[in-house]
Every structure is written in structure tokens, then in C-alpha cells.
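Me: Please take a close look at the charged side chains here and tell me who pairs with whom. I'd also like to know how their surroundings look.

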Amino acid sequence: MDEVTLCPKPRFLVIPWPATSHMIPIVDIGCLLAAHGAAVTIITTPSSSQLVQSRVDRAGQGSAGVTVTAIPFPGAEAGLPDGCERTDHIPSPDLVPNFFVATARFGEAVARHCRRLPTATAAHPRPSCVVAGMCHTWAHGVARELGAPCFIFHGFCAFALLCCEYLNTHRPHEAVGSPDELFDLPALPPFEFRFARRQLPIHFQPSSSIPEDRHRELREFELAVDGIVVNSFEELEHGSVSRLAAATGKAVLSVGPVSLCGAAAPPSLLDSRANSDDARLCMAWLDAKRADSVLYVSFGSAGRMPPAQLIQLGLALVSCPWPVLWVIKGADTLPDDVNEWLQRNTDGSGLPESQCLALRGWAPQVAILEHPAVGGFLTHCGWGSTLESVAAGVPMATWPFSAEQFLNEKLIVHVLGIGLSVGVTKPTESVLTGAKDGGGKADADVGMEQVKQALDMLMDGGADGEARKTKAKELKAKS
């Protein structure tokens with residue numbers, strides 16, 4: 001028998017950008033690589049290691065080849081408070097530059113760690129590929145030291161990245177006279193899209209709390225990498241994947257929805273929070289509701305509304321004829337009068353007969369969306385939430401907050417036809433956009449009646465509503 005030379009299995013170094021909504025999908029990608037036989041090391045910080053490990057455990061046996069390595073995050077050296085190791089930990093826009101200083105120093109620590117790796121052997125090769133989160137611009141240098149290709153993971157869909165590439169290349173937003181003036185963004189013919197500058201991701205804004213030199217570094221990183229990894233699938237993108245590859249000259253790999261990677265895992269290996277009292281309460285409440293009757297409302301891990309806007313939303317939700325499951329983030333920072341209103345008008349105990357169950361903090365979103373009682377989702381259009389809704393076949397009402405969410409809204413509503421817009425035109429201010437109070441004193445931009453009208457169309461929209469449901473179910477099957 002002829003001697004056969006076996007190639008060593010590939011080894012991936014995965015470095016998530018430290019924001020919860022970015023970490024979860026890139027960790028899932030690492031688990032999928034391991035399930036296909038690769039060895040994967042995920043490098044993170046001490047305060048995020050438990051989140052990362054729980055996500056790895058969720059994937060079950062398919063994650064056997066994943067190692068989680070925590071490297072100290074030099075936050076204190078950069079002037080950050082203890083434990084501030086993710087973007088959702090940053091307490092003030094004044095500290096955003098410090099956070100980027102800390103992530104640059106973290107990159108130096110990662111590079112030192114990689115230099116100390118054992119000399120490559122057939123049995124223990126060095127990493128053969130680096131997959132890095134969007135703002136880890138130093139990762140390209142680490143990959144070059146290792147002699148490995150470097151792929152970037154933005155957390156955006158291919159359509160949003162295609163729009164960003166068009167903006168970087170043609171810069172139509174710079175010709176408008178005000179942040180509210182609409183301009184054309186013809187990234188995906190024959191569809192026509194118009195945006196205001198303030199609806200674009202923050203690296204296209206004239207000012208934000210992120211230093212300008214960091215924006216330049218990000219663009220240089222995008223141009224230097226060998227390829228782009230996208231948590232999406234071809235049928236969802238209407239040709240955006242191939243257009244993005246042509247526009248950038250890079251490999252674009254669509255590998256999603258990665259939230260499905262743990263779908264077959266036994267309950268004992270799921271996120272421990274899935275067995276929490278809140279999770280059990282939530283699922284028992286849904287079990288008591290009719291099929292397709294519940295409106296689910298959540299604005300992501302970082303979604304915070306100004307109190308005045310939250311009250312207008314709440315007035316619409318408590319007057320709905322359908323049961324409502326409302327997840328409220330940042331409730332501990334709300335004014336007393338808003339918390340009192342919530343206590344009077346919503347149920348927090350999960351009574352089966354209650355019409356508006358309000359959960360404060362975490363909720364098992366994937367399980368909620370997959371529950372047969374849920375018939376619609378009011379969402380901020382974060383890409384992770386969007387994909388989870390697509391995978392569950394649930395139509396959406398869109399309320400974008402920031403980042404690339406206004407771009408995602410166009411895909412959901414105008415390209416895919418699985419959602420409708422509430423009509424939000426302004427981003428919600430946050431630490432990253434430079435708002436000193438996170439928009440806490442801002443007036444409501446969207447009134448109760450406007451919200452109710454959109455929700456009526458989502459949950460009981462006649463022929464148009466049925467068409468959205470049908471398209472959502474078709475995309476569920478394709479996902």
C-alpha cells in the first residue's frame with residue numbers, strides 16, 4: 001500500500017470583538033469550525049470568558065475541539081473602571097477612546113501570547129488562519145507573524161457591508177447639506193434605497209465618541225485582510241455576497257445562521273440561563289397562549305430607550321389586543337415614575353391570564369421566537385436578532401437604533417418583504433455615538449398611535465400581513 005501523507009487538521013485562532021452581540025456569533029462560528037474537524041482557540045478577556053465558554057458548551061459535542069483562552073485586558077492601565085472589558089460595559093462616551101487604547105494594548109498581549117506558542121510541528125501546528133472581530137485592527141499583524149491568512153468578522157450582513165463599501169468608495173453622504181437630507185445609495189440594483197446621513201453606521205458620521213484615527217485603522221484593516229466572514233446565507237442576501245466579493249476583491253464566506261449550531265444540543269448543555277426562573281416563567285406564559293397570537297418586543301443586548309420614548313411604546317403595548325412579551329433592558333436606570341408606571345401596567349410574575357409580560361434583563365430569545373405562540377417581533381434590527389427571527393419564520397416590525405440597523409431595515413422591509421417599518425427616522429443616542437446620558441432626557445420621537453398602527457399591520461395586516469408571514473416561513477425553510 002502506498003504511503004499516504006496526511007495534512008494536519010487546520011487550526012483557527014478566533015478573536016471576538018468585545019461586544020456581546022458580536023461575540024455570540026463569532027464564537028458560534030468557532031464551534032462550527034470545530035464540528036468540521038478543525039482545532040479552534042478562542043481568545044477573549046477574563047470577564048467575557050464565562051460567556052464564551054457557555055456558548056461553547058451550548059454547541060455540545062461539536063465543540064470538542066475548542067479551547068477558550070483568557071488574556072488579561074489592560075483596562076486599568078488605559079483608565080477604565082474595573083471589569084470594563086466590553087463595549088456594553090463602557091459607562092460614558094468620555095471613556096470610549098480609553099477603551100480603544102485598551103484594545104490596542106490587548107492586541108499587543110495577544111501577539112506576545114502567540115509568539116510564545118510552541119514551535120510548529122506536524123502534531124501541533126501553529127494557527128493556520130486568524131478570524132478577528134471588526135475593530136481588532138492589530139489582528140492582521142498577528143496573522144502575518146504566524147504566516148496565516150486573516151479574515152474579518154464585522155457581525156454585519158453582506159447587504160450592509162455592500163452598502164458600507166459603496167459609501168467608502170463613492171462617499172455620497174458627504175455631498176448632503178444636513179444630517180437629515182436624504183441621498184441615494186444604489187448598492188443593490190434594481191432596488192432603490194435612500195438614507196439620511198445620521199442613519200448610517202457611526203464610522204460614516206461626522207462626529208462620534210470613537211476617535212477618527214480608529215476609523216482610519218478600521219478601513220486599513222478591511223483593505224488588508226484576506227477575506228470576510230458573514231453570518232448569513234445566500235438566499236437571504238439577494239446577490240449581495242457576490243457583489244461584495246466583486247467590490248472588495250476578497251473572498252466572502254456566508255456561513256449562517258450560526259445561531260442554529262446548538263439547536264440539537266441536549267438541554268443540559270444549553271446556556272445555563274435557559275433554565276433560570278425567568279426563562280421557565282417566560283416559556284410557561286407562552287404555553288398558555290394561542291398560536292401566532294403573541295407580539296414579542298426586544299431591542300437587543302444594548303437597546304436603551306429614553307424614558308419618554310419608552311412610555312409611548314409602553315402605552316401602545318398595554319393597549320394591544322394581543323398578548324405582549326416585552327423585554328426591557330436597563331430597567332434599573334429608569335426614573336422612579338417610569339418604573340412605577342411599568343409596575344402598574346405590566347405583569348412581571350408571569351400570570352397566565354396577563355396580557356403584557358415585562359421581563360427585565362435577559363430572556364431566552366431563540367426559544368421565544370421558536371415558540372408557536374409568537375406571531376410577530378418588534379425589533380431593533382440588530383443582525384443577530386434579525387437572523388434569529390428569520391430562522392424561526394417570524395415577521396418583524398422594525399425600529400432601528402444605531403450601527404448598521406437602518407441598513408438592515410431596508411433589507412427586511414424592502415428586499416425580503418418580511419417586515420414593516422414603525423417609521424423611526426432618527427438613531428437612538430448611545431455611549432458610542434457620544435450621548436452623555438445615553439439619550440436619557442430626549443423627547444419621544446415616535447408616538448403611541450404611530451406604534452399601534454404599525455403593530456396592527458404586523459399582527460393583523462390582511463393580505464399584506466399574510467404575504468409577510470408566507471415569505472418569513474419560506475426563509476425559515478431555506479435557513
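Reply: Let's start with Asp 88, which counts as partly exposed at 35% relative accessibility (buried is under 20% relative accessible area, exposed is over 50%, and partly exposed lies in between, using a 1.4 Å probe and protein chains only). Its salt-bridge partner is Arg 86, with the closest N and O atoms 3.6 Å apart (a salt bridge needs a side-chain nitrogen of Lys or Arg within 4 Å of a carboxyl oxygen of Asp or Glu). Arg 86 itself is buried, with a relative accessible area of 12%.

Do keep in mind that this is a predicted model, in which local features need pLDDT of at least 70 and side-chain atom pairs count only at pLDDT 80 or more, while totals for chains, interfaces and linings use all residues. Residues are numbered from 1 along each chain as its sequence is written, and side-chain values use heavy atoms, leaving out hydrogens and water.

Across the whole structure, the search finds 12 salt bridges. One of them joins Asp 28 and Arg 55, whose closest N and O atoms are 2.9 Å apart. Because Asp 28 lies in helix 1 and Arg 55 in helix 2, this pair ties together parts that are 27 residues apart in sequence (helices, H or I with at least four residues, and strands, E with at least two, are DSSP runs numbered from the N terminus). Both Asp 28 and Arg 55 are buried.

Arg 55 has buried company in helix 2, residues 49-58: Leu 51, Val 52, Ser 54, Val 56 and Arg 58 are buried too. Helix 1 (20-35), strand 2 (39-44) and strand 3 (66-70) are among the elements covering these buried residues by contact, meaning heavy atoms within 4.5 Å. After helix 2 comes Gly 60, with a positive phi near 70°.

Another pair to look at is Asp 180 with Arg 198, a salt bridge of 2.7 Å from N to O. This pair links distant parts of the chain, 18 residues apart: Asp 180 sits in the loop between helix 5 (158-170) and strand 6 (182-184), and Arg 198 in the loop between strand 7 (194-196) and helix 6 (212-224). Asp 180 is partly exposed at 44% relative accessibility, and Arg 198 is partly exposed as well, at 23%. Elsewhere, Glu 165, Arg 219 and Glu 222 are joined into one network by salt bridges that share partners.

The loop between helix 5 and strand 6 also holds His 173, which is buried, with a relative accessible area of 1%. Apart from neighbours within four places in sequence, His 173 is in contact with Leu 167, Phe 183, Arg 197, Leu 200 and Phe 204.

Finally, charged side chains also turn up beside empty space. The second largest cavity, of about 40 Å³, is lined by residues including Glu 370 and Glu 388. Helix 12 (365-370) and helix 13 (383-392) are the elements that each give two or more residues to this lining. Here a cavity is a set of points on a 1 Å grid over the protein atoms alone where a 1.4 Å probe fits but cannot get out, and lining residues have an atom within 4 Å of a point; grid points are joined across faces, edges and corners, and the volume is the space filled by probe spheres set on them.

Definitions and conventions
On a 1 Å grid over the protein atoms alone, a cavity is a set of points where a 1.4 Å probe fits but cannot get out, and a pocket is an open set with protein on both sides within 12 Å along at least five of seven lines; lining residues have an atom within 4 Å of a point.
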